[in-house]
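Subject: Structure for your files

Hello,

Here is the structure I said I would pass on. Please open it alongside this message.

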Amino acid sequence: MSQSPPAYRLIDEVKIRREAFGGILYKYGCADRGALSFINSRQLIDLLLSAQQTYSGDLGAAVEHSNFSAASKQKLYAALDDLARRGYVLVNS
Amino acid sequence: MPEPVRFLGRQTRAQMPGQVGPLHPAALVAMQQTGQAPAQSSNHGSQRFLQGGLSAPITVTWEITAACNIACVHCLSASGKRRPRELTTGQSLALVDELAEMHVFQIHFGGGEPFLYPGIWQVLERCRERGLVMCISTNGTLITPERARRLAQLDPIYFQVSLDGGTPQTNDRIRGQGVFTRAMRGLELLAAEKLSLTVNSVLTRYSFAELDRLYDIAASFGAKLRVTRLRPSGRGQQVWDELHPTREQYKAFAGWLGEHPDVLTADSFFHLNAFGNKLAGLDMCGAATATCCICPEGEVYPCAFFQAPEFEAGNLHDHRFQDIWRNSALFAFYRNMGGGSCSGCGQYGVCHGGCPATKWFVHQSLHIKDPECVLL
């Protein structure tokens, strides 16, 4: 029996902007520590923007509705786990 | 003793074809003396991404007025009276729209005292409409119950209320007689509306001993403490020798930060990384790359601490902000400065030579080491 992936949700306070190298994540506040991350993957930035703009922050929906290969999706979920550790994404098992 | 740099005036400064803004010869020489920036591929950490400049700043510091009802001895912008060419409310609203269109994430309002700007409420309301996060740096003395209630309607909005000591004696010798009590009242009113607060404190030789007390004061308002580095800009030039912390204090402070991971620093102490333990946050200056400063009369500078006429990147009375950010000759050079005399240092990778503004205001050079380099 396959286990369904955990639910990933982008937290509301995260702002995203595309840049030439990929993009920036910014969790707003007054110059808080660790609130800024540089992401050098355009694919990941596109996914995050898609989740924010189309799926109300539901990253799982953004992944599943994408055209990424199974291997790419696996990599994206690993990247989302990393973003969860850095406080940009909530994960509910 | 280096000679002070003379401000030549906009008309006489060099301007490169296709580039925006004046390039003061003294700034050009100072930046060229630092040598070439390391190749982007050889950089590590945040510098790798910031060196080429971002499409827009992450945060813009906007000193919206020079008017201030108090007169701090270390004021970085030498504020006091409103200045003749301050941006009108209409110009400020247009600027908010432009910053939003560029996808700037956050505006950090300062001054002067922002609540003395005549159009402040219109500007804040426009920021909220445009989805720009606001942070207001205030002395706290003009907060009233009515203002606090109105501000609470503007969420997300953040406040930094300045206290430069944990006691009236220490704070008021910097910020003026009676200011400690009035700022505490401002904090109380903002906290009563459950607004997101930090107590902002510039680390000085005198406030160092009161860090624990400042931490407790912040906690008593449900706020975090934010400690920032003293810079010798504005009136800070006159009190730099007296107020800047000693090397021993910095060493102890770095340890204290390690024991208080919830204390914010605005990433302003990266020069302390050379002690051997990297502090949280950016390990380099974000001026002209991640941030910049807009001053009351429309001047745009690399950062709030670098308000030297020689380093004006452009003026909003003459150019749009995005043209200055993207095409300013000064910013182009600034983003590609080398490490100067720090280039060969084994610690360069963790402090990137420290604060350029501090170098400039103390020694009128960008080539030398940061005057507070912990290895000196």
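Below are notes on one residue of chain A and then on salt bridges in both chains.

Please keep in mind that this is a predicted model.

A leucine in chain A

A:Leu83 sits in helix H3 of chain A, which covers residues 70-85. Its relative accessible area is 1%, and because buried means under 20%, A:Leu83 counts as buried. Which residues does A:Leu83 contact, leaving aside its neighbours within four places in sequence? They are A:Leu25, A:Ile39, A:Leu44, A:Leu48, A:Tyr88 and A:Val89. For orientation, the C-alpha atom of A:Leu83 is 14 Å from that of A:Ala51, and the two residues are 32 apart along the chain.

Salt bridges

Over all chains, the search of the whole structure gives 18 salt bridges. Three pairs and one network are described here.

The pair in chain A belongs to helix H3 as well. A:Arg85 and A:Asp82 form a salt bridge through their side chains, with an N to O distance of 3.9 Å. The two residues are 3 apart in the helix, so about one helical turn separates them. A:Arg85 is exposed at 64% relative accessible area, while A:Asp82 is partly exposed at 27%.

In chain B, the side chains of B:Glu125 and B:Arg150 meet at 3.4 Å, N to O, in a salt bridge. This pair links distant parts of the chain: B:Glu125 is in helix H4 (residues 120-129) and B:Arg150 is in helix H5 (residues 145-152), 25 residues apart. Both are partly exposed, B:Glu125 with a relative accessible area of 30% and B:Arg150 with 39%.

Another salt bridge in chain B joins the side chains of B:Arg229 and B:Asp370, at 2.8 Å from N to O. B:Arg229 lies in strand S6 (residues 224-229) and B:Asp370 in the segment after helix H14 (356-363), so the salt bridge ties together parts that are 141 residues apart in sequence. Are these two residues buried or exposed? B:Arg229 is buried, at 2% relative accessibility, and B:Asp370 is also buried, at 2%.

Chain B also has a network of salt bridges, which links B:Asp97, B:Glu101, B:Arg126, B:Glu129 and B:Arg130.

Regards

Conventions: Residues are numbered from 1 along each chain as its sequence is written. Chains are lettered from A and ligands numbered from 1 in the order in which they are written. This is a predicted model: local features need pLDDT of at least 70, side-chain atom pairs count only at pLDDT 80 or more; totals for chains, interfaces and linings use all residues. Side-chain values use heavy atoms; hydrogens and water are left out. Helices (H or I, at least four residues) and strands (E, at least two) are DSSP runs, numbered from the N terminus. Buried means under 20% relative accessible area, exposed over 50%, partly exposed in between (1.4 Å probe, protein chains only). Contact means heavy atoms within 4.5 Å. A salt bridge is a side-chain nitrogen of Lys or Arg within 4 Å of a carboxyl oxygen of Asp or Glu.
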